[in-house]
Amino acid sequence: MKWRLASGVLCDKKIPPRLKGKFYRVVVRPALLYGGVSDKIRNEVIREEVGVASVVDKLREARLRWFGHVKRRSC
C-alpha cells in the first residue's frame, strides 16, 4: 500500500526531479535497505539492484572528505 503512494510521487510528471530525488533518498532508499524487503534477500543483492553504495563506502567517503577539510585547515 505504501509503495503505491511512493510510486505515485516518483511517477508524477508535475513534481520536479529535484524533489523526486530528495524523496527517493529520504523515503525509498532507507525502506529498501533497512526493512522494506524480505530477510531472505542479501543486502548486497538489494544494493546492486537499486544502485546504492554500501554503508561502508559512504562512511569511507565521509571520512576522506573530513580528512580533506582537516588537511587544508591552516595551522
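In which helix do Arg60 and Asp57 lie, and how many residues apart are they? Both belong to helix 4, where three residues, about one turn of the helix, separate them. The structure described here is a predicted model.

**Salt bridges**

The structure contains three salt bridges. They are listed below with the distance between the closest N and O atoms or, for the last pair, the N to O distance.

| Pair | Distance | Separation in helix 4 |
|---|---|---|
| Arg60 and Asp57 | 3.3 Å | three residues |
| Glu61 and Lys58 | 4.0 Å | three residues |
| Glu61 and Arg65 | 3.0 Å | four residues |

Glu61 and Lys58, like the pair above, lie about one turn of the helix apart. Glu61 and Arg65 are separated by about one helical turn because they are four residues apart in helix 4. Lys58, Glu61 and Arg65 are thereby linked in a network of salt bridges.

**Exposure of the charged residues**

Arg60 is partly exposed, with a relative accessible area of 47%, and its partner Asp57 is partly exposed at 37%. Within the network, Glu61 has a relative accessible area of 38% and is partly exposed. Lys58 counts as partly exposed at 40% relative accessibility, and Arg65 is likewise partly exposed, with a value of 46%.

**A nonpolar patch**

Helix 4 spans residues 55–72 and includes Val55. Together with Tyr34 and Leu59, Val55 forms a nonpolar patch on the surface. The accessible area of these residues together is about 320 Å². Val55 itself has a relative accessible area of 42%, so this residue is partly exposed.

How values were computed: Residues are numbered from 1 along each chain as its sequence is written. This is a predicted model: local features need pLDDT of at least 70, side-chain atom pairs count only at pLDDT 80 or more; totals for chains, interfaces and linings use all residues. Side-chain values use heavy atoms; hydrogens and water are left out. Patches are made of residues with over 30% relative accessible area and no salt bridge: like charges are joined within 9 Å, nonpolar side chains (Val, Leu, Ile, Met, Phe, Trp, Tyr) within 5 Å. Accessible areas come from the Shrake-Rupley method with a 1.4 Å probe; for residues, only the protein chains shown count as cover. A salt bridge is a side-chain nitrogen of Lys or Arg within 4 Å of a carboxyl oxygen of Asp or Glu. Helices (H or I, at least four residues) and strands (E, at least two) are DSSP runs, numbered from the N terminus. Buried means under 20% relative accessible area, exposed over 50%, partly exposed in between (1.4 Å probe, protein chains only).
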